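Trainee: I would like a close look at one loop residue and at the elements that lead away from it. Please define the terms as they come up.

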Amino acid sequence: MYYLDPKIEKLYRIFDQNERKDYLRLDLNENPGGLPEDFIKKALDKVNPQFVAQYPETLHFTQVLAHFLGTDISHLCLVNGSAEGIRYIIQAFTAPGGRIVGVVPSYFMFQVYSEMYGRNFVQVPYNEDLSMDVNNIISALTEETQLLILLNPNNPMGNVYTDEEFEKILNAAKEKQVNILIDEAYHYFYPKTFIKYALEGEHVFVTRTFSKLFSMAGCRLGYVAGWPEGVKMVQKLCTPHNTNAFALHFAEAIIETPEILNTLISNFQEGRQYLIDELDKNQYAHKGEAGNFIFIKPKTDAQYIVDKMKSEKKILIKAYPNVGQFGNCLRVSIGERKYMEQFVEALLELDR
């Protein structure tokens, strides 16, 4: 008998239909400039026919990553982008009909996976001023809650949690016996991290990706950090050879070349500061304390600007509806200064 899971049939998804060649891509929180070309060429010098023909081996890179993070391999699981790790955590640590608590808006795949596996995703909304009261998160935790999902920083809002706020949340989760998943996809754009709780305690996972600051979105690599028994459960769901050799090779080259990371961070910070200064100078309200993205409240219509940016300026950005006191606004990925100059010039021309 033919069968189709009704949860999948009813699942609403939007797939990226943009052909992004020849566009300045400020819509998906990538690094528009990417890694330095000479670094890419040097890394590719070590690629030979055997490298391409053989299945990737993950042990060596996991050891390199563990050393980089100051831990051991029992606390880490490599995944095909952090989205894969998030999926497996939801799959393994929640039950059909199980209760998952998360803030909204945030990375939409949390809700997609919850629907895909028949979980109950309980939304904790932001305040009208786009702030997040941690007491609202804590109030949503019940004895039936199986997983709490936080982002540090949060995409797309850009907010972060203080140590005191996280400790308060953590204590409430422990009391209710709730596992916590902290997505740190935008770590390095905001250096505060809660990974020590994943490496030193139990029932806390941190997911990270090499797609953002590391500028490897095209390679697909991420990892889950957590307590050894929890990591082992995530590993059981992984397919064989779920990460690719190119991703492991480039990630290791970046880790072993600290000046590359320093340059990427410096270029980002210069671009961010330029953008904020220009927005302030031209009296634009904006939001996003952390991450490589920013909300901008336009002076005219957000969707009109998105459409004109694409058709006339070859720049891709996103519009978000009903974002608290910002209303309909723009979300723009932040890159090095030359790309921010290009965006600001287009914004000032179109938004009037």
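What relative accessible area does His-241 have?

Mentor: The model is predicted, so local features need pLDDT of at least 70 and side-chain atom pairs pLDDT 80 or more, whereas totals for chains, interfaces and linings use all residues. Residues are numbered from 1 along each chain as its sequence is written, and side-chain values use heavy atoms, without hydrogens or water.

His-241 has a relative accessible area of 42% and therefore counts as partly exposed, the class between buried (under 20%) and exposed (over 50%), taken with a 1.4 Å probe on protein chains only. His-241 belongs to the loop that joins helix 10 to helix 11 (245-255), helices and strands being DSSP runs of H or I (at least four residues) or E (at least two), numbered from the N terminus. Its backbone deserves a look as well, with phi near 55 degrees, a positive value in a residue other than glycine. Most residues other than glycine have a negative phi, and most peptide bonds are trans. Tyr-188 likewise has a positive phi, near 90 degrees, and sits in the loop between strand 6 (179-183) and helix 9 (195-200). On the side of the peptide bonds, the one from Asn-152 to Pro-153 is cis, with omega near -5 degrees, and a cis bond also joins Asn-155 and Pro-156, where omega is about 15 degrees. Pro-153 is found in the loop between strand 5 (145-151) and helix 8, and Pro-156 is likewise placed between strand 5 and helix 8.

From the loop of His-241 we can step back through helix 10 to the sheet. This open sheet has seven strands in the order 2-8-7-6-5-3-4, with mixed pairing, where two strands pair if DSSP finds at least two bridges between them. Strand 2 (76-79) and strand 4 (120-125) form its edges, each pairing on one side only. Its neighbouring strands are turned by 20 degrees against each other on average, direction ignored. Helix 10 (residues 228-237) packs on the sheet and touches strand 2, strand 7 (204-209) and strand 8 (222-225), with its direction making about 25 degrees with that of strand 2; the axes are lines fitted to C-alpha atoms, for helices over the stretch in contact, with angles from 0 to 180 degrees between N-to-C directions, and contact means heavy atoms within 4.5 Å.

Two of the strands that helix 10 touches, strand 2 and strand 8, pair in the antiparallel sense over four bridges, and Val-79 stands opposite Gly-222 in strand 8. In a regular strand the side chains alternate between the two faces of the sheet. In strand 2, Leu-76 and Leu-78 point one way and Cys-77 and Val-79 the other, and all of these residues are buried. At the other edge, strand 3 (residues 99-104) and strand 4 pair in the parallel sense over six bridges, with Gly-102 opposite Gln-123 in strand 4.

Gly-222 also leads to Phe-210, whose contacts, leaving aside neighbours within four places in sequence, are Phe-61, Leu-65, Ser-215, Met-216, Ala-217, Leu-221, Gly-222, Tyr-223, Ala-251 and Ile-255. Ring pairs (Phe, Tyr or the six-membered ring of Trp, centres within 6.5 Å; planes under 30 degrees apart stacked, over 60 edge-to-face, the rest tilted) link Phe-210 with Phe-61, Tyr-188, Phe-214 and Tyr-223 into a cluster. By this rule there are 16 aromatic pairs. One of them joins Phe-295 and Tyr-320 edge-to-face, at 5.4 Å centre to centre and 80 degrees between the planes. Because Phe-295 lies in strand 10 (residues 293-296) and Tyr-320 in strand 12 (residues 318-320), this pair ties together parts that are 25 residues apart in sequence.

Phe-210 further appears, with Met-216, Ile-317 and Phe-343, among the residues with the most contacts inside the largest nonpolar core, which has 120 residues; such a core is a set of buried Ala, Val, Leu, Ile, Met, Phe, Trp, Tyr and Cys residues joined through side-chain atoms within 4.5 Å. Its largest share, eight residues, comes from helix 12 (residues 258-281).
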